[in-house]
Structure formats: C-alpha cells, structure tokens
Amino acid sequence: MNDGGPEESGGTVGLPSRRRRPTPMSQWGPAARLSYWAFHANRRPSYMRFAYLQLGSDAAAEDAVDATFDALMSEWLRMLHMDRLDAYAWTVLKQRLADRQQRHSPWPRPRPMDISAFEAALKEAHADRYEVLTDTIRFYSAVSRLAERQRDAVVLRYGLQCSPGEAAAVMGVDEATVRTHLGQAHRRLARLLDTSPES
C-alpha cells in the first residue's frame, strides 16, 4: 500500500491532488520523515510571518499555514522528486492564503500590516521623495497593482527583513530572480506614484 509514493514523480507538477490517497507518514522511510520535519522547522516561521502580513491575525495565519503543511505532508513523497520543491511549497502557501482571503475579505487589497514593507521599499528607492507615502489611498492603489511575484519579493525583503538570498530560498527561485522582482517593483511604484526613480 504505497499509492501516491515516489513513483509519481513524472509529468506536470500541480497543486495537491484530492483524488489520490496520500501515504501515511507512518509508512514513510526515516529519511523522508526527517526531511519533512526539517523543512517544516525551517520554513514555518517565515510562512507564519508572511501569512500574518497578508491576513492580519495570528489565528488566520496559523490556520492558513497549518493547511499548507497538511497539504505538503500529503504530497511530500512526490515532492522529494521535484526540482523546485520550495517553489511548489510556496505555490501551495499562496493558494491557501488566497482561499482564506476570499472567504473573509470582501475586496482584494493590501492590508494595513503590509504598509511597513512597501514604505521601506519606496524609501530605499526614493529617499528624497518619502513624503509621497502620506497619500495612503494612492499608495495602496499602487501596491495592489504590483505583479504578484514583485509584491511577494518586496514583502519578504522589507516586511520580513529577509536578505535577497533568503527570500529566494523561501520562494523557491534564484536570488537573481528576486533582485529582478525588487527592481521592477521599485520602478513600478515610482511610475505609479509619479516619482522620479534613480538609476
């Protein structure tokens, strides 16, 4: 009884399937169990902090992150054969956050906890035009128009004080990709807020 195990490593990698019955952890090998709990210990703090910024409460963040790790546990044996395990896990987290926001928020917009991250990003890019942040309505409007990956990179980098390398590890992408997202976010915010970006 090892359905849903490592043999299902081929094909397109999608979100967790509800059709396959997962292999219980009690049937995993020691290495698989150790790797899962190591990943859990390593990623849960960052996931919790990111989820809190998105959802605005400890309870909601914990609910979303617990749901994420439940899904990852169900898929872990398959995930061990993925090239981008972290990227897959990040996708699952983002889906759980989106599900939670859709159930509890009547409109998709950045919550107040997000503002420190974007203030820091804009301040770094345009220290001489920091007063633009006083216009909160324009600011949130601009933030909501960032591409999702740009926004994720900015929240991790400035809201959670991750280094570009740490943000890259959490998102499951290369550090150069995170730096590209950050640069694009700075330029996009500058254009949307009518500031003059420095080179």
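Which are the buried residues of H6? I began my notebook with that, and the list I found is Gln150, Arg151, Asp152, Ala153, Val154, Val155, Leu156, Tyr158 and Gly159. A reminder to myself before going on: this is a predicted model.

**Entry 1: the whole chain**

I looked up the overall make-up next. The protein has eight helices and zero strands, so I was not surprised by the order along the sequence, α-α-α-α-α-α-α-α. Of the 199 residues, 44% are buried. I also checked how far apart in sequence the contacting residues are. Among contacts with a separation of 6 or more, 71% join residues 24 or more positions apart. For the surface, I noted about 10,600 Å² exposed, with 51% of that area supplied by carbon and sulfur atoms.

**Entry 2: back to H6**

How many of the twelve residues of H6 are buried? I get nine, so the helix is largely enclosed by the rest of the structure. The buried set includes Arg151 and Asp152 as well as Val154 and Val155. I then asked which helices H6 meets, and wrote up two of the pairings.

**Entry 3: H6 against H1**

Helix H1 covers residues 30–55 and helix H6 covers residues 148–159. Their axes come within 11 Å and cross at roughly 115 degrees. I therefore put H1 and H6 down as roughly perpendicular to each other, since 65 to 115 degrees is the range for that label. The crossing of this pair is right-handed. On the H1 side I found Phe50, Leu53 and Gln54 in the contact. They meet Arg151, Asp152, Val155, Leu156 and Gly159 of H6.

**Entry 4: H6 against H7**

What angle do the axes of H6 and H7 cross at? Roughly 125 degrees, and the two axes come within 9 Å; H7 is residues 164–171. That makes H6 oblique to H7. Here too I noted a right-handed crossing. H6 brings Arg149, Asp152, Ala153, Leu156 and Arg157 to this contact, and H7 brings Pro164, Ala167, Val170 and Met171. I went back to compare my two lists: Asp152 and Leu156 appear in the contact with H1, and Asp152 and Leu156 appear in the contact with H7.

**Entry 5: the loop after H6**

I stopped at glutamine 161, in the loop between H6 and H7. Its phi is positive, about 55 degrees, although it is not a glycine. Why did I pause there? Most residues other than glycine have a negative phi. Is glutamine 161 buried or exposed? At 56% relative accessibility it counts as exposed, because the cut-off for that label is over 50%.

**Entry 6: H8**

I checked the length of helix H8, residues 175–192. At 1.5 Å a residue, its 18 residues should span 26 Å, and the end C-alpha atoms are 26 Å apart, which agrees. The buried residues of H8 are Val178, His181, Leu182, Gly183, Ala185, His186, Leu189, Ala190 and Leu192. Two histidines are on that list, His181 and His186. After H8 comes aspartate 194, with a positive phi near 60 degrees.

**Entry 7: alanine 142 and the end of the chain**

Alanine 142 sits in helix H5, residues 136–144. With a relative accessible area of 3%, alanine 142 is buried, because buried means under 20%. What does alanine 142 touch, not counting residues up to four places away in sequence? I found Leu189, Leu192 and Leu193. Leucine 193 is 51 residues from alanine 142 in sequence, yet their C-alpha atoms are 7.0 Å apart in space. I also tried alanine 190, which belongs to helix H8 and is buried at 0% relative accessibility. The C-alpha atoms of alanine 190 and alanine 142 are separated by 9.1 Å, with their positions 48 residues apart along the chain.

**Entry 8: threonine 68**

My last look-up was threonine 68, in helix H2, residues 58–79. Is threonine 68 buried or exposed? Buried: its relative accessible area is 0%. Leaving aside neighbours within four places in sequence, I found threonine 68 in contact with Tyr47, Ala89, Val92, Leu93 and Arg96.

Note on methods. Residues numbered from 1 in each chain as written. Predicted model: local features only at pLDDT ≥ 70, side-chain atom pairs only at ≥ 80, totals over all residues. Heavy atoms only, no water. Helix = DSSP H or I, 4+ residues; strand = E, 2+ residues; numbered from the N terminus. Buried < 20%, exposed > 50% of the residue type's maximum accessible area, 1.4 Å probe, protein only. Contact = heavy atoms within 4.5 Å. Areas by Shrake-Rupley, 256 points an atom, 1.4 Å probe, with all protein chains shown as cover. Expected span 1.5 Å × (residues − 1). Axes fitted to C-alpha atoms, helices over the stretch in contact; angles between N-to-C directions. Parallel < 35°, antiparallel > 145°, perpendicular 65-115°, else oblique. Left-handed = near helix turned anticlockwise from the far one by under 90°.
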